[in-house]
Structure formats: C-alpha cells, structure tokens
Amino acid sequence: MIVSGTIEVDPAKTCAFGDVIWPCGQRARAAFNAWLRGRALKCVLPPDADRFAIAAPCMLGKQDVGAWLVANGWAMASPSGIYGKAESVARAAKMGVFGPPQ
C-alpha cells in the first residue's frame with residue numbers, strides 16, 4: 001500500500017548534498033518508523049484492496065500521514081496529489097531527502 005498523494009522514497013535511494021552522498025532512503029524509512037513509534041495507522045481501504053496495489057489516505061490520530069511525510073521531506077508529492085506546496089516548502093528548507101545527511 002502507498003499513502004495516497006505521495007511518492008515514496010525507495011529505501012535503496014541515495015541523495016547528494018554538495019559533494020556528500022548519503023543513504024537518504026534508509027533515513028526516510030527510519031524517520032517514518034521513529035515518528036510512528038509502534039502506533040497504528042488508520043487507512044481508508046477500498047473493498048478490493050487485497051487484489052490490487054492501492055494508494056490510500058492514512059491518519060495517525062488527527063495527523064495526515066501523507067502531509068507529514070511530504071512536509072518533512074521523507075516523501076515527494078505525487079503530481080496529481082494535494083501536497084505540492086508542502087514539498088516546495090520542504091525543498092526550500094532543505095528538509096529530509098532535499099537536505100544534508102541526517
């Protein structure tokens with residue numbers, strides 16, 4: 001499953017910041033896991049979700065998961081999604097995969 005409105009960062013992805021190459025995909029996964037802290041997501045799944053790859057909106061309490069991922073630079077906004085402005089802000093602030101090694 002993919003969080004709707006986002007493009008995930010592959011765990012094998014590396015990023016460049018200046019002349020430093022760093023494992024940003026692994027860091028993105030670790031940042032998301034740390035944020036979850038074992039808490040359960042609530043996702044809206046369609047009835048045929050077990051037969052197809054799907055994108056679903058998810059919440060962690062009152063927080064929109066896609067918004068958190070994109071706003072922190074740990075996922076990109078999908079072109080047809082609602083998080084384009086959040087990605088622009090994350091890029092400008094050099095957050096997550098857009099910034100220095102973390």
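# Worked exercises on a predicted model

C15 and C24 form a disulfide, with their sulfur atoms 1.9 Å apart. Keep in mind throughout that this is a predicted model. Let us start with that link and work through the fold from there.

## Exercise 1: The disulfides

Task: Find how many disulfides the structure holds, and describe each one.

Solution.

Step 1. Begin with the total: the structure holds 2 disulfides.

Step 2. Look at the link of C15 and C24, which has 70° about the S-S bond and is right-handed. C15 is buried, with a relative accessible area of 6%, and C24 is buried too, at 0%.

Step 3. Turn to C43 and C58, whose sulfur atoms lie 2.0 Å apart in a disulfide. Here the angle about the S-S bond is 110°, and the link is right-handed. This pair links distant parts of the chain, with C43 in strand 5 and C58 in strand 7, 15 residues apart.

Step 4. Compare the two ends with the cut-offs, where buried means under 20% and exposed means over 50%. C43 has 24% relative accessibility, so C43 counts as partly exposed. C58, with a relative accessible area of 2%, is buried.

Step 5. Write the pairing with the bonded cysteines numbered in sequence order: 1-2, 3-4.

## Exercise 2: The sheet around C43 and C58

Task: Work out in what order the 3 strands of the open sheet run, and which strands are at the edges.

Solution.

Step 1. Read off the order, which is 5-7-8, with antiparallel pairing.

Step 2. Name the edges: strand 5 (42–43) and strand 8 (63–64) each pair on one side only.

Step 3. Check the contact between strand 5 and strand 7, which pair in the antiparallel sense over 2 bridges.

Step 4. Place the cysteines on this pair: C43 stands opposite C58 in strand 7. These are the two residues joined by a disulfide.

## Exercise 3: The aromatic pair of W35 and W68

Task: Decide whether the rings of W35 and W68 are stacked or edge-to-face, and say which helices they come from.

Solution.

Step 1. Count the aromatic pairs: the structure holds 2.

Step 2. Take the geometry of W35 and W68, whose ring centres are 4.3 Å apart and whose planes meet at 10°, so the pair is stacked. The cut-off for stacking is under 30 degrees.

Step 3. Locate the residues. W35 is in helix 1 (residues 24–36) and W68 in helix 2 (residues 65–71), so the pair ties together parts 33 residues apart in sequence.

Step 4. Ask how accessible they are. W35 has 15% relative accessibility and counts as buried; W68 counts as buried at 15% as well.

Step 5. Widen the view: ring pairs link F32, W35 and W68 into a cluster.

## Exercise 4: The nonpolar core

Task: Identify which residues of the largest nonpolar core touch the most other members, and which element gives the most to this core.

Solution.

Step 1. List the residues. Among the 24 in the core, those that touch the most other members are F32, W35, V65, W68, L69, W74 and V97.

Step 2. Find the elements that give two or more residues: helix 1, strand 7 (58–60), helix 2 and strand 9 (75–77).

Step 3. Pick out the main contributor, helix 1, which gives the most with 6 residues.

Step 4. Follow one member, W74. Leaving aside neighbours within four places in sequence, W74 is in contact with residues including V9, W22, C24, A31, W68, L69 and V97.

## Exercise 5: The salt bridge

Task: Locate the salt bridge of E87 and state how its partner is placed.

Solution.

Step 1. Search the whole structure, which yields 1 salt bridge.

Step 2. Identify the partner: E87 pairs with R91, their closest N and O atoms being 2.8 Å apart.

Step 3. Place both in helix 3 (residues 84–92), where E87 and R91 are 4 residues apart, about one turn of the helix.

Step 4. Set the two sides against each other. E87 is buried, with a relative accessible area of 11%, whereas R91 is partly exposed at 45%.

## Exercise 6: Two serines in one loop

Task: Decide for S78 and for S80 whether each is buried or exposed.

Solution.

Step 1. Locate S78 in the loop between strand 9 and helix 3; S80 lies in the loop between strand 9 and helix 3 too.

Step 2. Apply the values. S78 has a relative accessible area of 14% and is buried, while S80, at 73%, is exposed.

Step 3. Look at the surroundings of S78: leaving aside neighbours within four places in sequence, S78 is in contact with G5, T6 and I7.

Note on methods:
Residues are numbered from 1 along each chain as its sequence is written. This is a predicted model: local features need pLDDT of at least 70, side-chain atom pairs count only at pLDDT 80 or more; totals for chains, interfaces and linings use all residues. Side-chain values use heavy atoms; hydrogens and water are left out. Rings of Phe, Tyr and Trp (its six-membered ring) pair if their centres lie within 6.5 Å; planes under 30 degrees apart count as stacked, over 60 as edge-to-face and the rest as tilted. Buried means under 20% relative accessible area, exposed over 50%, partly exposed in between (1.4 Å probe, protein chains only). A salt bridge is a side-chain nitrogen of Lys or Arg within 4 Å of a carboxyl oxygen of Asp or Glu. A nonpolar core is a set of buried Ala, Val, Leu, Ile, Met, Phe, Trp, Tyr and Cys residues joined through side-chain atoms within 4.5 Å. Contact means heavy atoms within 4.5 Å. Two strands pair if DSSP finds at least two bridges between them. A disulfide is a pair of cysteine sulfur atoms within 2.5 Å.
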